[in-house]
Amino acid sequence: MIRRLLSVLHARNLEFLRDRGTLVFTLLLPVMLVIGMGFVFGGPERPLFKVGVLAGHPDRQAHPFLRERYVEFITLADESAALRKVTHQQIDLLVDLHAPPRYWVNTDSPKGYIVEKLLLAAEPAAVRQPVTGAAVRYVDWLFPGILGMNMMFSCLFGVGYVVLRYRKSGFLKRLHATPLTAFEFLSAQVLSRLGLILFVTAILYLGIGAIIGFHNAGNLLLLVLLGVVGALSMIALGLTIAARFSSEELVGGLLNVLTWPMMLLSGIWFSLEGSPRWVQWVAHVFPLTHVLDAARAVMLDGAGLPQIAPNLLYLAATALAFLAFGAWSFRWRIE
Amino acid sequence: MVHVARENPLGSRASPQARRSANAVSNAVLEVRELVKQYPATLAVAGVSFSVPQGVCFGLLGPNGAGKTTTIEIMEGILPPTAGEVRYRGEPLGNRFREEAGILFQKTALQDFLTVRQSIALFRGLYTTGLDVDEVIRLCALEKLAGRDSRKLSGGQQQRLLLAIALVNDPAVLFLDEPTTGLDPQARRNFWELMQSIKARRKTIILTTHYMEEAELLCDEIVIMDRGRIIAQGPPRRLLHEHFAEVLLELPRQEFPAAARQLPLNIIDASDRVEISTHDLEATLRTLLEAKVPLTNLRIRPANLEDLFLELTGTELRP
């Protein structure tokens, strides 16, 4: 089994490396992304006041501070996660309006300083609890999203169209006449694409990281593990689409149906905190959401294996499920 | 000899002919039983049965649309039958069959950007046992092309590569679906020479073709199919002997006077010529001379499989 798998894997790698057009495009896209990120995020940060309010606070009308204009109030349930946001300057202030009222402010944050004045004007008795910590810029928060988005496109479209091309040309039919099983064939495709994705993601990580001056707070090996499991899940998802069909239009349409909701709902561009519960539920069905949640936890908060284990397990389970479904529904030839 | 597979086990009181048939079936590498393939609008194969003995080159002949490719693809395990079954060495097609079968499809694309050697090596890696890649390259005369991109081969070279891939597992049974269709005459003859060297290795070969010359040259036994059914089966010489004890005289149609059609001759109409089948060549020639039929372009030849097909179906083999 391993021998057959390696034969197909080796041949697929040779094919990819010699297909100069695709190779150049695959490497050019990340470089363009790096340059684009440099342009977009080279300028100054945009001012915005955000105040976290710990959940379960009393009637909003009883607190004049909560009626302040030009301030966005975000309800947060988890106190430790909320405190982390103050530390990273993702929110400018955190308030707990239960008696006695308390608030946390980052003494390194200029915006925190101003919002603190507003709070004290409305709630003079609020108890101050200072914290410190450098800002996590939007660009730092977006960085894992860009890596994940590129990974998603490469996973879904990269393998989907290759398998479709093999089926249409009759190459799959020829392979079917050998002892090769669908599972072995699909595994070889997954591994070939996985190697490519890890390589391209590493280029992006180093390139964009250098341009924006990103510092990873967590363990790099854990990030690699997350990249492997996340890419496996998304490649296998792409294979479930390509496993059966023979029409480029249909496969292209189905892949778009998968990618666009992930683009919008997996938290590439903005956090889903505060969005309706059903949106969050739907978002957590997508593998990309788990990749991004875990990547941000590691890269921004320095989370370890125990914290992201549920995400890793979800990704590993979906990878196996998608691969098994793909092998089950696989068609070697055009019906 | 082609033997029809029989469902009923033969007891001790079976006839000598039936016993011979049973022995042949037990010697069969492949048995095809009551095969049916129904597509939504077409009955492609309408219940065919035959068995392929060890070590023969077995031809499936017929015009386009006769059901040859559908039959061979069911035998290869590529297409599922609507009814009936194919057994390899007495067992349903399974892993052993896939390990021991070599297949050359009518149309096959290989993986892009691979050289001839790499394409062969890819398939060699899919089998547990087989020939060395260099040996297959030598066998199919691909030494000078081993480093070339497989997409840059001529038609004949491409077929030799596909044959090399079909031979890479040193197959016990080799399927060739119209292997020389589309090749120029020289490339076709080269391929036939290659096939004869493979035949010399006592491989069991199943070949579909609509080139009668190819079937006469290579096949030990044939099945002629038309509209999904078998219309004749047996060794080519025996079939010809059974249907043509006579020789054929050919005359161009425009040189054959209408009045001559009234002569007491066995006249067969072909597309551009008139054929006369006869036991007594001298008497027939005398009759034609007396009727003043011009004989300048007369051609006398023994019957071939093309004639057999015409005789059996009333139509030309290649539409």
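Here is a short conversation about how some labels in this predicted model follow from its computed values.

User: Let's start with A:V190. Why does A:V190 count as buried or exposed, whichever applies?

Analyst: Happy to start there. A:V190 has 23 C-beta neighbours inside 10 Å. The cut-off for buried is 20 or more, so A:V190 counts as buried. This valine belongs to helix α7 of chain A, residues 182-212.

User: What does A:V190 touch, leaving aside residues up to four places away in sequence?

Analyst: Its partners are A:L232, A:I235, A:A236, A:L239 and A:L323. For a sense of distance, A:S247 lies 57 residues from A:V190 in sequence, and their C-alpha atoms are 21 Å apart in space.

User: Now to chain B. Why is B:E34 placed in its exposure class?

Analyst: B:E34 has 13 C-beta neighbours inside 10 Å. Exposed would need 12 or fewer and buried 20 or more, so B:E34 counts as partly exposed. B:E34 sits in strand β1 of chain B, which covers residues 28-38.

User: And what is notable about phi of B:E34?

Analyst: Phi of B:E34 is positive, at about 45°, although B:E34 is not a glycine. B:D170 can be described in a similar way: phi there is near 50°, again a positive value in a residue other than glycine.

User: Where is B:D170, and why does B:D170 get its exposure label?

Analyst: B:D170 is in the loop between α6 and β7 (173-177) of chain B. There are 16 other C-beta atoms within 10 Å of B:D170. With exposed ending at 12 and buried starting at 20, that count makes B:D170 partly exposed.

User: Let's look at helix packing. What makes α4(B) and α6(B) parallel or antiparallel?

Analyst: Helix α4 of chain B (residues 116-124) and helix α6 of chain B (residues 155-167) pack at an angle of about 25°, with their axes 9 Å apart. Angles under 35 degrees count as roughly parallel, so α4(B) is roughly parallel to α6(B). Their crossing is right-handed.

User: Which residues make the contact between α4(B) and α6(B)?

Analyst: From α4(B) come B:V116, B:S119, B:I120 and B:F123, while α6(B) offers B:L161, B:A164 and B:I165. By class, this contact has 6 nonpolar residues, 1 polar and no charged.

User: How do α5(A) and α11(A) cross?

Analyst: Helix α5 of chain A (residues 138-169) and helix α11 of chain A (residues 287-301) have axes that come within 9 Å and cross at roughly 145°. The crossing of α5(A) and α11(A) is right-handed.

User: Which residues meet there, and how do they divide by class?

Analyst: On the α5(A) side are A:D140, A:W141, A:P144, A:G145, A:G148 and A:M152. Facing them in α11(A) are A:L288, A:V291, A:L292, A:A295, A:R296, A:M299 and A:L300. The contact of α5(A) with α11(A) divides into 9 nonpolar, 2 polar and 2 charged residues. Gly counts as polar, and A:G145 and A:G148 are among the α5(A) residues.

User: Which elements of chain A matter in the count for its side touching chain B?

Analyst: Altogether, 19 residues of chain A are in contact with 21 residues of chain B. The elements giving two or more residues to the chain A side are α1 (2-18) and α6 (171-176) of chain A. Of these, α1(A) gives the most, with 8 residues. The chain A side divides into 7 nonpolar, 5 polar and 7 charged residues.

User: What are the domains of chain A and of chain B?

Analyst: Chain A is assigned domain 1 (2-41 + 137-329) and domain 2 (50-131), with C-alpha centres separated by 38 Å. Chain B is assigned domain 1 (54-80 + 91-241) and domain 2 (245-302), and their C-alpha centres lie 40 Å apart.

User: Finally, how many helices and strands are there in chain A and in chain B?

Analyst: Chain A has 12 helices and 5 strands, and chain B has 11 helices and 14 strands. Buried residues make up 41% of the 335 residues in chain A and 39% of the 319 residues in chain B. The C-alpha trace of chain A spans about 80 × 35 × 35 Å along its principal axes.

Conventions. Residues numbered from 1 in each chain as written. Chains lettered and ligands numbered in written order. Predicted model: local features only at pLDDT ≥ 70, side-chain atom pairs only at ≥ 80, totals over all residues. Axes fitted to C-alpha atoms, helices over the stretch in contact; angles between N-to-C directions. Helix = DSSP H or I, 4+ residues; strand = E, 2+ residues; numbered from the N terminus. Parallel < 35°, antiparallel > 145°, perpendicular 65-115°, else oblique. Left-handed = near helix turned anticlockwise from the far one by under 90°. Contact = placed C-beta atoms within 7 Å. Domains from an automatic or database assignment.
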